[in-house]
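Reader: I would like to learn how to read the features of a structure like this one. Could you take me through it step by step?

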Amino acid sequence: MTTVPGPLETSYDVVIVGSGGGAMTAAALAAKAGLSTVVLERTPLIGGTSAYSGGACWLPGSAVQQRAGLPDSTEGARAYLAAVLDDPDPERVDAFLRHAPELVATLEADELMDFEWIPFSEYYDAPGRVPMGRSIQPASIARADLDPAVMALLRPPVERDRVGAAGRSTLSGGQALIGRLAAMVVRDGGTLATEHHVVDVRREGAGRVTAVVVDTPTGPVEVTARRGVVVAAGGYEGSPELRALHDTPGRAEWTMAPRGTNTGELIEACAKAGAATDYSGEGWFCPGLAHPDGSGTFTLGFRSGLMVDQTGRRYGNECLPYDRFGRIMAEAPERIPSWFVFDNREGGRLPAIAMPEGEPADHLAAGTWVTAPTIEDLAAAIEVDPGVLTATVERFNDFATAGVDEDFGRGEDEYDTFFAGGSGPNKALTPCDRAPYFAARFVLSDLGTKGGLVTDAAGRVLDATTHDPVPGLYATSNAVASVFGSRYPGPGAPLGAAMVFGSLAVRDLLAG
Ligand SMILES: Cc1cc2nc3c(=O)[nH]c(=O)nc-3n(C[C@H](O)[C@H](O)[C@H](O)COP(=O)(O)OP(=O)(O)OC[C@H]3O[C@@H](n4cnc5c(N)ncnc54)[C@H](O)[C@@H]3O)c2cc1C
């Protein structure tokens, strides 16, 4: 249990629960505005899934895109969302779009924050899409340039946390995002408290939320929030019970959230205190490379190879944006697990970006990968009809030769070829023809769920009965029903939305 810079007090202006991108944005802005601010984080480390992330932020229309000379604008993003979203809440969408540029300007005015454009295709071919994307990310920064006490609390990158890979002296992506924001919080007088697990909120009848109840290693404490509580504690992806209750595809052990983090109990506690919830069973889905320990890891950017179901047949364009492919996986039981079939053209490594991939030898020893000299033998090893798998691979190879995927259109969209660098007529279609062959087991993973508390355009949590804002209770992050509903518009949508609504919550707190 650590508190930086000093001991925990019993009362703050603002109590922020969780320490991901939305939480830290709210905390940094609240502290900078002179509010006494505490961040309560249940684990020994700050940053959650956000610290694992690439740090891409879908924050359209800002000065960063202008500096990069992109054809981006708030109105362009509005057109894009209008085409992409199903059943949006117009007020929340409008609030997101209007405040995204302002948030970026406010953060960039601080010497500790700089953003830059990151080329990364958006996920739908729709009006308003910016070629090569409009996402931005915090610039990398040396660990040594940020407060060492804060750095000691920063959750390591995913490959280090999950498989023990080497650390980094330069913070990039989500590490830079959380590191920079957390350093701002502490510099401006805020407190970071780890191993402080918020288990309940105190509400005066049907009135104001005034405090939170916190489990700590030394016993329970109550922390008063004079102005408000901001719940930014992630979704319920780590809870098998809530996943089952809300019919959410995938499994708790396959999610990318760090172990022991986002289990949704605070969403439930708020609901018990009268908050409205909207559980859609939604998540930010992705194919997950199965690991020997039973986990699944976020995989994108397939360069070659093909995904087959348990009958040995393809069922989708493997180069689709990961959330869209994940949703196709979820449509039929024989697709989970799937097998990703690839050849030896990358020396036995997975021709994709898996976070993390792990060592091929460990996968082969554990049976999460198998290898064989022929496709027929590979089929036998994964208990698929050899005739079916051979026919699937031959058909795929014919498509690669012709440059046209007649079944699923792989390679037709800008996103499909963003990571793929094949040399044939279609960069996203490379034959699977170099022995030995491999099959890697895939499950349905996610980057978090995105159903939960119902909030308005100011980030205020609504009362389930009156539909009015609950005084003193705000929420952002994957703890809320997403402004994007079932859609994942482009790289950085989870963080972008969490950050904007975190900042709007602070604006409302200050106004009140
Ligand atoms: C490898 C990878 C790359 C990704 N890249 C991107 C990207 O580039 N851009 C993007 O937008 N998204 C990306 N994502 C997805 C994104 O990181 C997550 O969806 C998002 O960060 C979730 O933010 P959050 O605040 O909801 O949850 P988290 O970041 O997980 O933070 C929640 C925190 O709250 C704490 N907590 C939970 N319950 C409590 C409680 N009751 N009391 C106190 N603390 C609590 C948790 O321990 C955790 O630290 C990526 C994900 C992964 C895994």
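Reader: Let me start with strand pairing: which residue stands opposite Val223 in β11?

Author: Val212 stands opposite Val223. Keep in mind throughout that this is a predicted model. Strand β10 (residues 209–216) pairs with β11 in the antiparallel sense, over 6 bridges. A hairpin of 2 residues joins β10 to β11.

Reader: Which other strands pair with β11, and in what sense?

Author: Strand β2 (residues 11–17) pairs with β11 in the parallel sense over 6 bridges, and in that pairing Ile16 has Val230 as its bridge partner. β22 also pairs with β11 (residues 219–231) in the parallel sense, here over 3 bridges. Two pairs illustrate the β22 side: Val229 has Leu473 as its bridge partner, and Val231 stands opposite Ala475.

Reader: How should I think about side chains along a strand like that?

Author: The general idea is that side chains in a regular strand alternate between the two faces of the sheet.

Reader: Is strand β22 mostly covered or mostly open?

Author: Strand β22 (residues 469–475) is mostly covered, with 5 of its 7 residues buried. β22 also pairs with strand β21 (residues 460–462), in the antiparallel sense and over 2 bridges. There, Pro469 in β22 is the bridge partner of Leu462. The two strands, β21 and β22, form a hairpin with 6 residues between them, and His467 in the turn has a positive phi of about 65 degrees.

Reader: What is the usual sign of phi, and what is the usual form of a peptide bond?

Author: Most residues other than glycine have a negative phi, and most peptide bonds are trans. With that in mind, look at two glutamates. Glu195 has a positive phi, near 55 degrees, and sits in the loop between β8 and β9. Glu383 also has a positive phi, near 60 degrees, and its place is the loop between α13 (375–381) and α14.

Reader: Are Glu195 and Glu383 buried, partly exposed or exposed?

Author: Glu195 counts as partly exposed because its relative accessibility is 24%. Glu383 is exposed, with a relative accessible area of 72%.

Reader: Where do the cis peptide bonds lie?

Author: A cis bond joins Met355 and Pro356, with omega about 0 degrees. Pro356 belongs to the loop between β17 (353–354) and α12 (360–366). A cis bond also joins Ala435 and Pro436, where omega is about -5 degrees. Pro436 is in the loop between α14 (386–402) and β19 (437–449).

Reader: Back in the loop between β8 and β9, what does the side chain of His196 reach?

Author: The side chain of His196 reaches the backbone oxygen of Thr194 at 2.7 Å. His196 lies in the loop between β8 (191–193) and β9. His196 counts as buried because its relative accessibility is 3%.

Reader: How do I check the geometry of a helix such as α8?

Author: Compare the expected span with the distance between the end C-alpha atoms. At 1.5 Å a residue, the 15 residues of helix α8 (residues 173–187) should span 21 Å, and the end C-alpha atoms are 21 Å apart, so the two agree. As for cover, 14 of the 15 residues of α8 are buried, so the helix is largely enclosed by the rest of the structure. Just after α8, Gly189 takes a positive phi of about 95 degrees.

Reader: Now the part I care about as a chemist: which residues come nearest to the ligand?

Author: Of the 35 residues around the ligand, Glu41, Thr49, Ser50, Ala56 and Val198 come nearest. For polar contacts, begin with Thr49, which has a polar side-chain atom 2.7 Å from an oxygen atom of the ligand. A backbone N or O atom of Ala56 lies 2.8 Å from a nitrogen atom of the ligand. In the side chain of Asn262, an N or O atom is 2.9 Å from an oxygen atom of the ligand.

Reader: How much of the ligand does the protein bury?

Author: The protein buries 98% of the 1,000 Å² that the ligand exposes when taken alone. The elements giving two or more residues to the surrounding shell are α2 (48–52), β9 (197–203) and α15 (493–511). Among these, α2 gives the most, with 4 residues.

Reader: And how do the residues of that shell divide by character?

Author: They divide into 13 nonpolar, 19 polar and 3 charged residues.

Terms used: Residues are numbered from 1 along each chain as its sequence is written. This is a predicted model: local features need pLDDT of at least 70, side-chain atom pairs count only at pLDDT 80 or more; totals for chains, interfaces and linings use all residues. Side-chain values use heavy atoms; hydrogens and water are left out. A residue is near a molecule or strand if one of its heavy atoms lies within 4 Å of it. A polar contact is a pair of N or O atoms within 3.5 Å; within protein, one must be able to donate a hydrogen and the other to accept it, and residues adjacent in sequence count only if both atoms are side-chain atoms. Accessible areas come from the Shrake-Rupley method with a 1.4 Å probe; for residues, only the protein chains shown count as cover. Ala, Val, Leu, Ile, Met, Phe, Trp, Tyr, Cys and Pro count as nonpolar, Asp, Glu, Lys and Arg as charged, and the others, Gly among them, as polar. The expected span of a helix is 1.5 Å times one less than its number of residues. Buried means under 20% relative accessible area, exposed over 50%, partly exposed in between (1.4 Å probe, protein chains only). Two strands pair if DSSP finds at least two bridges between them.
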